[in-house]
Amino acid sequence: MRNLLIAVLIFLASCEIGYGATSYTAATCSQANVQTAVTSCTNDGQCVQVNIPSGSCTWSNSSITIPKAMKIQGAGAANTILTGTSGFFSFGTSGIEITGIGFTMGSGSLSVTILP
């Protein structure tokens with residue numbers, strides 16, 4: 001029986017069974033750091049979430065494209081605050097969730113772009 005258990009464990013180890021979904025955390029809430037985390041998540045087949053830490057950051061007029069289904073999680077709308085004058089994210093697919101982020105708009109309006 002013990003030999004069978006060892007054989008099963010060796011077999012499972014050789015199958016490279018994944019340990020589940022991964023996530024990436026941006027170093028800060030800056031647009032460049034969030035872009036880096038989104039790109040890393042996009043290139044990781046196991047990644048399902050990008051975390052944005054607490055902070056107040058001003059973003060440029062360009063948006064970050066999210067090309068695959070993932071969750072963008074801030075540290076709470078009162079803790080992660082993004083300021084800008086136009087859209088923050090563009091969506092390249094369905095299944096994207098953005099939560100826990102406060103948005104402060106300048107003279108512009110919040111826009112959402114759905115890409116084909």
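The legends below describe close-up views of the disulfides in a predicted model.

**View 1. Disulfides of the whole structure.** A search of the whole structure finds 2 disulfides. One of them joins C29 to C57, and C41 is bonded to C47. When the bonded cysteines are counted along the chain, the pairing follows the pattern 1-4, 2-3.

**View 2. The disulfide of C29 and C57.** The sulfur atoms of C29 and C57 lie 2.0 Å from each other. The link is right-handed, with 85 degrees about the S-S bond. The pair connects distant parts of the chain, 28 residues apart. C29 sits in the loop between β1 (22-25) and α2 (31-43), while C57 belongs to strand β3 (residues 55-58).

**View 3. Surroundings of C29 and C57.** Are these cysteines buried or exposed? C29 has a relative accessible area of 2%, so C29 is buried. C57 has a relative accessibility of 14% and also counts as buried, because the cut-off for buried is under 20%.

**View 4. The disulfide of C41 and C47.** In this pair the sulfur atoms of C41 and C47 are 2.1 Å apart. The torsion about the S-S bond is about -105 degrees, and the disulfide is therefore left-handed.

**View 5. Surroundings of C41 and C47.** C41 is buried, its relative accessible area being 0%. For C47 the relative accessibility is 3%, so C47 counts as buried.

Definitions and conventions:
Residues are numbered from 1 along each chain as its sequence is written. This is a predicted model: local features need pLDDT of at least 70, side-chain atom pairs count only at pLDDT 80 or more; totals for chains, interfaces and linings use all residues. Side-chain values use heavy atoms; hydrogens and water are left out. A disulfide is a pair of cysteine sulfur atoms within 2.5 Å. Helices (H or I, at least four residues) and strands (E, at least two) are DSSP runs, numbered from the N terminus. Buried means under 20% relative accessible area, exposed over 50%, partly exposed in between (1.4 Å probe, protein chains only).
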